[in-house]
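Trainee: I'm new to this one, and I'd like a close look at a single part of it: the aromatic pairs. Could you walk me through them slowly?

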Amino acid sequence: MSNALAPAALTAPAALTTVPKAPPLGAVRFGQRVQRAVQALVNRMGPPQFVLMDLVAQRWRADALGALVRLGVADALGDGPKDVDSLAKSLRLHAPSLYRVLRALARDGLLTEQDRRFGLTAVTEPLSRRHPSSMANIVSELSSARNAHLWARLGDVVRTGDGAWPSFADGDLWSWLDAHPEEHAAFHGAMRELTREGAPAYARAFDFGAHGSVADLGGGTGYLLAAILAVHPKVRGVLVDEASVVAGAGPVLAEFGVRDRCEVVAGDVVGGDVPRGLDVYVAKNLAHGFSDERLTPVLARWRAAMRPDSTLVLIDVVVPPAGPYLGFLDLQMMIASNGGLERTPEQFEAVLGKAGFRLERVVPTPGPMSLIVARPA
Ligand SMILES: C[S@@+](CC[C@H](N)C(=O)[O-])C[C@H]1O[C@@H](n2cnc3c(N)ncnc32)[C@H](O)[C@@H]1O
């Protein structure tokens, strides 16, 4: 394990980004219930065969939107509507084909269209990388050729119970990403975008401020830890992830003005050592990538690095006994990871118990994930 960014060498810029207030949980849940009710009504109003057709056509929409991002069209339209021919010329694209893609999206209500000029709408503006709430990486990642390959094998996965990853590449996702820089940037950019939406809530759902130090294990480029440190100004942080990932942490920590309180460590949180003796250990969207069998020794390794009074905070989807949850993320894990799954509270309790932890509580948030708080047993 090596220090990728020695804290002593860091300056202490003033906080540039403040963490917005998280919306109240009740209001978010109410809004989601209304949205689902409206969608159910819309589904009931149309002839079922058309509703169904529209549902499966979402894949075409996703692919078309992904192409706009990857081809640079969305960024170009981020500056305002453009004529299709000059757009094709400046981006070296085939104008008639580009026109057909833009026309299809515009007639679907996802772009504006006037003569041969096309522009983004409120829904598609975040496709531009310069948008403050850009979703460009998520769109690119979910519509990637890799995910298309893996999801096309859903039938095999259900037939055999084995994930589809070995049909795509040797090694694991992380080593594959290391060898594919564009996809590496899209994946970790997508994680940052996803985390950005929930971080204001996650940073406040646990009283990190009552503790002195927080490690974020597999913390990506540091968005969540930066938000935690910005909300809790007395806490010090340690960000741990692979070297190729933490290499992107500097600007994120600087954006929040927390570089002087955060050590950045390139290390292996799965098979190697993690920092010892800190107060709180956070791991967001790590546990769901592993079967119980594979997760247990990882958690046990973390447990061994913790003090008896340290706290473990996993942040993941918690599957409720009934009602909505991010079910398609569970399927993504089933297909693309090696035995990963989203867990019920009982499943978390069981796997934590096997690794020497006691589940203390599950804290729901307005984001899609909950905090699973555990202590050494
Ligand atoms: C699903 S991403 C979650 C990233 C971040 N926690 C978030 O929620 O935005 C999983 C992270 O675990 C990291 N990771 C996977 N295996 C690792 C290992 N053996 N050592 C260190 N980090 C690892 C990946 O590089 C990636 O950043």
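Mentor: Here is a walk through the aromatic pairs, one at a time. Keep in mind that this is a predicted model. The structure holds seven aromatic pairs. Let's start with Tyr99 and Phe118: their ring centres are 6.0 Å apart and their planes meet at 65 degrees, so this pair is edge-to-face; the cut-off for that label is over 60 degrees. Now look at where the two partners come from. Tyr99 belongs to helix α6 (residues 95-107), while Phe118 is part of strand β4 (residues 117-120), so the pair ties together parts that sit 19 residues apart in sequence. Both Tyr99 and Phe118 are buried. Tyr99 has another neighbour worth finding, too: the charged end of Arg116 sits over the Tyr99 ring, 4.5 Å from the centre of that ring.

Next, jump along to Tyr223 and Phe256. With ring centres 5.1 Å apart and planes at 90 degrees, this pair is edge-to-face because the angle is over 60 degrees. Tyr223 and Phe256 link distant parts of the chain, 33 residues apart: Tyr223 is in helix α12 (residues 223-231), and Phe256 is in the loop between α14 (249-255) and β7 (262-266). How buried are they? Tyr223 has a relative accessible area of 15%, so it counts as buried, the limit being under 20%. Phe256 is buried as well, at 2% relative accessibility.

One last stop: ring pairs also join Trp165, Phe168 and Trp176 into a cluster.

Note on methods: Residues are numbered from 1 along each chain as its sequence is written. This is a predicted model: local features need pLDDT of at least 70, side-chain atom pairs count only at pLDDT 80 or more; totals for chains, interfaces and linings use all residues. Side-chain values use heavy atoms; hydrogens and water are left out. Rings of Phe, Tyr and Trp (its six-membered ring) pair if their centres lie within 6.5 Å; planes under 30 degrees apart count as stacked, over 60 as edge-to-face and the rest as tilted. Helices (H or I, at least four residues) and strands (E, at least two) are DSSP runs, numbered from the N terminus. Buried means under 20% relative accessible area, exposed over 50%, partly exposed in between (1.4 Å probe, protein chains only). A charge sits over a ring if NZ of Lys or CZ of Arg is within 6 Å of the ring centre and within 35 degrees of the ring normal.
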